[in-house]
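Me: Please take a close look at one single part of this model for me. I'd like to hear about the second largest pocket and the helices around it.

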Amino acid sequence: MRTDNQSFLGDLPRDFILLGISGKPWLEFPLFVVLLVSYVLAMLGNIAIILVSRLDPQLHTPMYIFLSHLSFLDLCYTTTTVPQMLVNMGSSRKTISYGGCTVQYAVFHWLGCTECIVLAAMALDRYVAICEPLRYALIMHRPLCQQLVAVAWISGFGNSLVQVVLTVQLPFCGRQVLNNFFCEVPAMIKLSCADTAVNDATLAVLVAFFVLVPLALILLSYSFIARAVFRIQTSKGRHKALGTCSSHLVVVSLFYLPAIYMYLQPPSSYSQEQGKFISLFYSIITPTLNPFIYTLRNKDVKAALRNLLARMWRLCRR
C-alpha cells in the first residue's frame, strides 16, 4: 500500500477523495436538500430563459442573445459539479476518478473564463444602448454579437487548456484527499507535493487577464453609462435607463466578488476550508439566482414567459 510520502511520479492516482463536509456529517442531509432544490431551480430557470430568448421574436435582440448564452453557461456550470456532489453526499465513498477530476476542473475553468467575457460583452451592449441609442442597431448587429460570443468560448477554452496541461503534470506523492466539494485548479495546486511556482504564476497571469481585464471593461462601461444617466432630465428616463442595467450589475457582483477572492491570491496561501464554500456559492447559488434576477426586473422576459406558459397550457389541453 502506498503511504502519503510515496510519489505518483510514474503512476497517476486512480481517484481522489472529496471531503466536502465529511467532518460535519449532520450537515450533509440539509446541504443535499439545498443542492438538489437549487439544481432543479437552476435547470428550470435557465432552460426557461433560453427557450423564451429563442422562441419569442421580441427577444431576438443582442441583449437576449448574450443572456441566453449566460443561461447556457450556468446550466453547464451546475451540471459539471452538482450531480457529482449529490452522489458523494448520498454515499459513504466520496471519490472522483482522476480522469473525472481532470475533466471537471477543465470544464469548470473553461466555463468560468467564458462567463467573464460574456458579462463584459453584456456591459458593452448596455453602454451602446444607453450612450449611443441612435446607432445601437448599427453597432450591435447580430454578426458582431456572434463574434463576441465565439471569442468568449474560444478564449475560455484556451485558458482551460493551459491550466490542464500544467496541472496534469503535477505529482501528488500519494496525496488523494481534496478538502473541497469538487475539483478546482487552486485546490489541485495546493495538493501537489512539487514546486508549483510556475503553476502559481501562470494562474495569476491568466486570472489577471481573463478576470480583471473584463471587469475593468465592465466598470469603464458603467462609468460612461452613469455619466449619461445623470444627464437625462426626467426621473422616469433615469429610472428606465438604470432598470436595464441593474440586473446585469447584480449578476456581475455575484459572479466576480467570489471569483476575485478565490483566484486573486496565490494558491500556496489558498484556504481550502473557506475556498470550498465560496466555490459552492458561485457554482450553484449564482446560477440559480441569475434567472430570477433577470425575470423579476424585466417586463419583456416576464411577458415572454407568460406567453410561453400559455402556449404550453393550450397544447396540453388539446
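**The second largest pocket**

Reply: Happy to! The lining of the second largest pocket holds 14 nonpolar residues, 2 polar ones and no charged ones (Ala, Val, Leu, Ile, Met, Phe, Trp, Tyr, Cys and Pro count as nonpolar, Asp, Glu, Lys and Arg as charged, and the others, Gly among them, as polar). Please keep in mind that this is a predicted model, where local features need pLDDT of at least 70, side-chain atom pairs count only at pLDDT 80 or more, and totals for chains, interfaces and linings use all residues. Residues are numbered from 1 along each chain as its sequence is written, and side-chain values use heavy atoms, with hydrogens and water left out.

To find your way in, start from Ile 117, Ala 120, Ala 121, Pro 214 and Leu 217, which lie nearest the pocket's centre among its 16 lining residues (on a 1 Å grid over the protein atoms alone, a pocket is an open set of points with protein on both sides within 12 Å along at least five of seven lines, and lining residues have an atom within 4 Å of a point). The pocket's volume is about 320 Å³, meaning the space filled by probe spheres set on the points.

Now for the helices (DSSP runs of H or I, at least four residues, numbered from the N terminus). At least two lining residues come from each of α3 (98-131), α5 (142-167) and α7 (197-230). Helix α7 gives the largest share, 8 residues.

The unreviewed UniProt entry annotates several stretches as "transmembrane region", including 107-128, 148-172 and 205-230; such annotations may be inferred rather than shown by experiment. In the model, residues 107-128 are 100% helix, with end C-alpha atoms 32 Å apart. Residues 205-230 are likewise 100% helix, and their end C-alpha atoms are 37 Å apart.

Conventions:
1 Å grid on protein atoms, 1.4 Å probe; cavity = no way out; pocket = protein on both sides within 12 Å on 5 of 7 lines; lining within 4 Å.
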